[in-house]
Amino acid sequence: MHSRQIFFVLLAVFVLGMALRSIPLQFEGFPDPDSYFHARMAQSVLDQQSIPIWDSLSDQGRAYSYPPILHVLIAVVAMATQLPIPLAYKLIGIITTKIV
């Protein structure tokens, strides 16, 4: 195969992968309950402009003990793009590999 053919094959695989990963953008809500937790915590990071120390909406409230990188990343993307948190979360899912 020539390098030009390889380039177009890789480009086609990339475009097909992005198209398949963008299917969740067509649906409202999330496919699993954990996503609602992550979206809520990202909204908390965005509202407080810091990593929360307490999760008052968990069962009877509890200390925030989840690694914050996903929640911070969602909040930063939402703030930079002015997208709502659920859409920013889905956008991150399209671009990156599955984190959660």
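These legends walk through several close-up views of one predicted model.

Local features here need pLDDT of at least 70 and side-chain atom pairs count only at pLDDT 80 or more, while totals for chains, interfaces and linings use all residues. Residues are numbered from 1 along each chain as its sequence is written, and side-chain values use heavy atoms, with hydrogens and water left out.

**View 1. The whole chain, end to end.** Four helices and two strands make up the secondary structure of the chain; helices (H or I, at least four residues) and strands (E, at least two) are DSSP runs, numbered from the N terminus. Starting from that end, the order is α-α-β-β-α-α. The C-alpha atoms fill a box of roughly 60 × 25 × 25 Å along the principal axes. The radius of gyration is 17 Å, where a compact globule of 100 residues would come in near 13 Å; this radius is taken over C-alpha atoms, and the globule rule is 2.2 Å times the number of residues to the power 0.38. Just 26% of the 100 residues count as buried, a word that means under 20% relative accessible area, with exposed over 50% and partly exposed in between (1.4 Å probe, protein chains only).

**View 2. Helix 2 and what covers it.** Helix 2 covers residues 33-48, and its end C-alpha atoms sit 23 Å apart, which agrees with the 22 Å that its 16 residues should span at 1.5 Å a residue (the expected span is 1.5 Å times one less than the number of residues). Its buried residues are Ser 35, Phe 37, His 38, Ala 39, Met 41, Ala 42, Ser 44 and Val 45. An α-helix has 3.6 residues a turn, so residues three or four places apart point the same way. The cover over the buried residues of helix 2 includes strand 1 (54-55), strand 2 (62-63), helix 3 (69-81) and helix 4 (85-95).

**View 3. The end of helix 2, around Ser 44 and Gln 49.** Ser 44 belongs to helix 2 and is buried at 15% relative accessibility. Setting aside residues up to four places away in sequence, Ser 44 touches Gln 49, Ser 50 and Pro 52; a contact is heavy atoms within 4.5 Å. Gln 49 sits in the loop between helix 2 and strand 1 and has a positive phi of about 55 degrees, although it is not a glycine. Gln 49 is exposed, at 56% relative accessible area.

**View 4. The largest nonpolar core.** This core has 11 residues: Phe 30, Ala 39, Ala 42, Leu 70, Ile 74, Val 77, Ala 78, Ile 85, Ala 88, Tyr 89 and Ile 92. Helix 2, helix 3 and helix 4 each supply at least two of them. A nonpolar core is a set of buried Ala, Val, Leu, Ile, Met, Phe, Trp, Tyr and Cys residues joined through side-chain atoms within 4.5 Å.

**View 5. Aromatic rings around Phe 30.** The whole structure holds four aromatic pairs; rings of Phe, Tyr and Trp (its six-membered ring) pair if their centres lie within 6.5 Å, with planes under 30 degrees apart counted as stacked, over 60 as edge-to-face and the rest as tilted. Phe 7 and Phe 8 pair edge-to-face, with ring centres 5.3 Å apart and planes at 70 degrees. Phe 30 and Tyr 36 are also edge-to-face, with centres 5.0 Å apart and planes at 85 degrees. Phe 30 is buried at 15%, whereas Tyr 36 is partly exposed at 46%. Together with Tyr 89, Phe 30 and Tyr 36 form one aromatic cluster.
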